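Subject: Structure for you to look at

Dear colleague,

I am handing over the structure below, and after it I set out what was found in it. Please keep it open while you read.

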Amino acid sequence: MQSPSIAVTHETKPRDVYWEHLWDLVVILTQKEIKARYKNSALGYVWSVANPLLFAVIYYIVFGQIMKVPIENYSLFLMAALLPWHWLANSVIAAPNVFLANATLIKKVRFPRNVLVVSYVLNEGIHFVLSIPVIAGFLLVNHMAPTLTWLAGVPILLVAQFLIVYGIAITLASLNLFFRDLERLTALFVTVLFFLTPITYSSAMVPDSYRTLLYANPVAPLIESWRELFMHGQLSWLVVGTCYLSAFGTLLVGSLVYWRMSSKFAEVV
Amino acid sequence: MTAICFDHVSKWYPRYQSLSYGIKSSLLHLSETFRSLKRERVRVLEDVSFRIEKGETVGLIGPNGAGKSTSLALMAGVVEAETGKVVVAGRVSPLLELGAGFHFDLTGAENIVLHGVLLGLTRREVSSKMKAIIDFSELEACIHQPLRTYSSGMIARLGFAIASHLDPEILLIDEILSVGDLAFQLKCNAKIDEFKRQQVTMVLVSHAMDHVQRLCDRVIWLEKGRIVGEGAPSMIVAEYEKSAQLRHVESRPSAA
């Protein structure tokens with residue numbers, strides 16, 4: 001009996017089926033995250049808005065009422081930045097644990113592992129999108145209204161934010177398999193990043209000597225863009241360009257780290 | 001036709017554990033860290049060569065740490081060999097251990113889709129097999145209940161029902177056949193016999209020698225990363241059992 005030489009190793013799917021399956025993986029894993037959140041509690045949606053809302057109330061009292069930050073519509077100002085921030089913060093804080101939580105799958109099944117991170121970030125993103133009506137509500141209460149620019153601006157910023165958050169999350173998720181301390185460092189990192197990002201203050205208030213910190217922050221232009229869009233219906237193309245530059249940077253770092261390490265995931269997870 | 005071929009395969013695992021002690025200590029002693037990464041490597045497989053023909057059922061046996069699961073991981077393509085070549089021709093489906101690839105808050109039906117897609121099917125393929133999977137699992141009555149209400153036997157049924165409907169060409173089975181109640185075990189055995197008739201290649205890792213003897217056409221005995229025996233199940237299993245006996249006797253503290 002002859003034994004033919006077999007060139008194909010592990011890849012037998014035709015191209016279109018491969019892409020269909022990849023898409024299905026993303027959809028199914030994202031659905032899983034969302035269903036799991038909503039099945040556990042009747043108040044699933046309320047919770048995903050209540051959390052940033054609570055923080056907005058705290059910051060409103062501390063910075064708006066006690067320290068009297070000179071910003072108009074401070075509650076709206078806070079919400080417009082806090083909602084996108086929570087998408088970022090929730091994803092980044094959960095990131096180091098994403099691969100660890102799926103250890104058995106990674107050890108046994110061959111599939112693109114970054115899909116796990118993609119779907120987690122998407123899941124948090126969908127919650128953010130669902131909370132946009134809350135901002136519209138805040139606007140109406142303040143005698144303002146959403147503008148037509150949202151139709152273009154929201155998708156543009158959604159894509160930029162997805163890329164930035166994915167880039168950071170995949171870096172942390174991959175590195176944490178090799179350096180398990182990263183999980184604790186991440187929580188600190190997110191807290192520091194929160195105060196370095198113009199969320200409770202505006203970038204115009206930052207003194208010149210601290211400007212470099214602002215420019216070095218990959219998420220500052222993103223959060224400022226959201227707020228400009230939500231509050232004034234405006235998008236500065238320069239700032240949006242900076243967002244995409246920052247997206248490109250984080251994505252590059254994340255992809256490099258992931259491609260470098262993913263073949264070893266099953267050995268260390 | 002060859003389904004799986006290991007050609008002088010060696011596999012080391014670095015001791016990443018030394019890194020996991022902490023980022024601080026490994027950064028402070030960076031050169032030492034790299035040296036230890038190179039030095040402290042654990043050999044899991046050394047120069048292993050074998051061929052598994054299409055339609056064969058092969059058992060991998062050996063003591064803990066012999067490299068059986070690593071061999072399966074190489075076949076599944078989740079780890080890469082350091083030297084040598086692993087060639088696998090055909091769609092590989094691993095049979096996962098209890099509960100892996102499931103989510104306990106989702107219903108049985110939702111989990112079928114989740115598990116099926118994770119194991120390589122598209123959603124369309126899963127929905128076309130949905131009914132057959134549910135029928136096989138005999139869980140129609142509670143298929144729309146969340147998985148956390150299932151007993152472990154029921155979860156095992158669901159897992160086996162999905163895996164057996166993946167149309168696998170190569171099925172990797174790691175120690176999980178003794179699941180479910182007696183009637184379901186008989187059903188599993190019947191399904192495995194059906195796979196054999198359909199020329200599905202199966203690789204089985206097990207410590208249950210009666211399983212190995214009953215199912216396998218051939219047995220490969222691994223010890224400390226090397227093949228020490230290969231051949232007919234009855235012969236190799238007998239030898240392996242003898243060596244395990246011997247080891248047991250030797251490890252007992254001698255009274256004399």
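Which strands of chain B does helix α4 (residues 68-76) of chain B lie across, and at about what angle does it run to β1(B)? The helix lies across β1, β2 and β4 of chain B, and its direction makes about 120° with that of β1(B). Please bear in mind throughout that this is a predicted model.

The sheet in chain B

The strands beneath that question belong to an open sheet of 3 strands in chain B, ordered β2-β1-β4 and paired in the antiparallel sense. Since β2 (41-53) and β4 (83-88) of chain B stand at the edges and each has a single partner strand, one side of each is left without a neighbour in the sheet. On average, neighbouring strands of this sheet are turned by 20° against each other, if direction is ignored.

Strand β1 (residues 2-14) of chain B pairs with β2(B) over 9 bridges, in the antiparallel sense, and with β4(B), again antiparallel, over 5 bridges. On the β2(B) side, B:Ile4 stands opposite B:Ile52, and B:Val9 stands opposite B:Val48. On the β4(B) side, B:Asp7 stands opposite B:Lys85.

Helix α5 of chain B and the contact with chain A

Helix α5 (residues 108-118) of chain B is largely enclosed by the rest of the structure, because 10 of its 11 residues are buried. Among the buried residues of α5(B) are B:Glu110, B:Asn111 and B:His115, together with B:Ile112, B:Val113 and B:Leu114. Just after this helix, B:Gly120 takes a positive phi of about 115°.

The contact between the two chains takes 37 residues from chain B and 35 residues from chain A. On the side of chain B that touches chain A, the elements giving two or more residues are β1, α1 (17-20), α4, β4 and α5 of chain B, and of these α5(B) gives the most, with 5 residues. By class, the residues on that side of chain B divide into 22 nonpolar, 9 polar and 6 charged.

Helix packing in chain A

Two helix pairs in chain A were examined. Helix α2 (residues 44-66) of chain A and helix α5 (residues 114-141) of chain A have axes 10 Å apart and pack at an angle of about 75°, which makes α2(A) roughly perpendicular to α5(A). From α2(A) the contact is made by A:Tyr45, A:Ser48 and A:Val49, and from α5(A) by A:His127, A:Leu130, A:Ser131 and A:Val134. The residues of this contact divide into 4 nonpolar, 3 polar and no charged.

In the other pair, the axes of helix α3 (residues 74-101) of chain A and helix α7 (residues 182-196) of chain A come within 8 Å and cross at roughly 170°, and α3(A) and α7(A) are therefore roughly antiparallel to each other. Here A:Ala89, A:Val92, A:Ile93, A:Pro96 and A:Asn97 in α3(A) meet A:Leu182, A:Glu183, A:Thr186, A:Ala187 and A:Val190 in α7(A). The contact of α3(A) with α7(A) has 7 nonpolar, 2 polar and 1 charged residues.

With kind regards

Technical notes:
Residues numbered from 1 in each chain as written. Chains lettered and ligands numbered in written order. Predicted model: local features only at pLDDT ≥ 70, side-chain atom pairs only at ≥ 80, totals over all residues. Axes fitted to C-alpha atoms, helices over the stretch in contact; angles between N-to-C directions. Helix = DSSP H or I, 4+ residues; strand = E, 2+ residues; numbered from the N terminus. Parallel < 35°, antiparallel > 145°, perpendicular 65-115°, else oblique. Contact = placed C-beta atoms within 7 Å. Nonpolar A, V, L, I, M, F, W, Y, C, P; charged D, E, K, R; others polar. Pairing = 2+ DSSP bridges. Buried ≥ 20, exposed ≤ 12 C-beta atoms within 10 Å, placed from the backbone.
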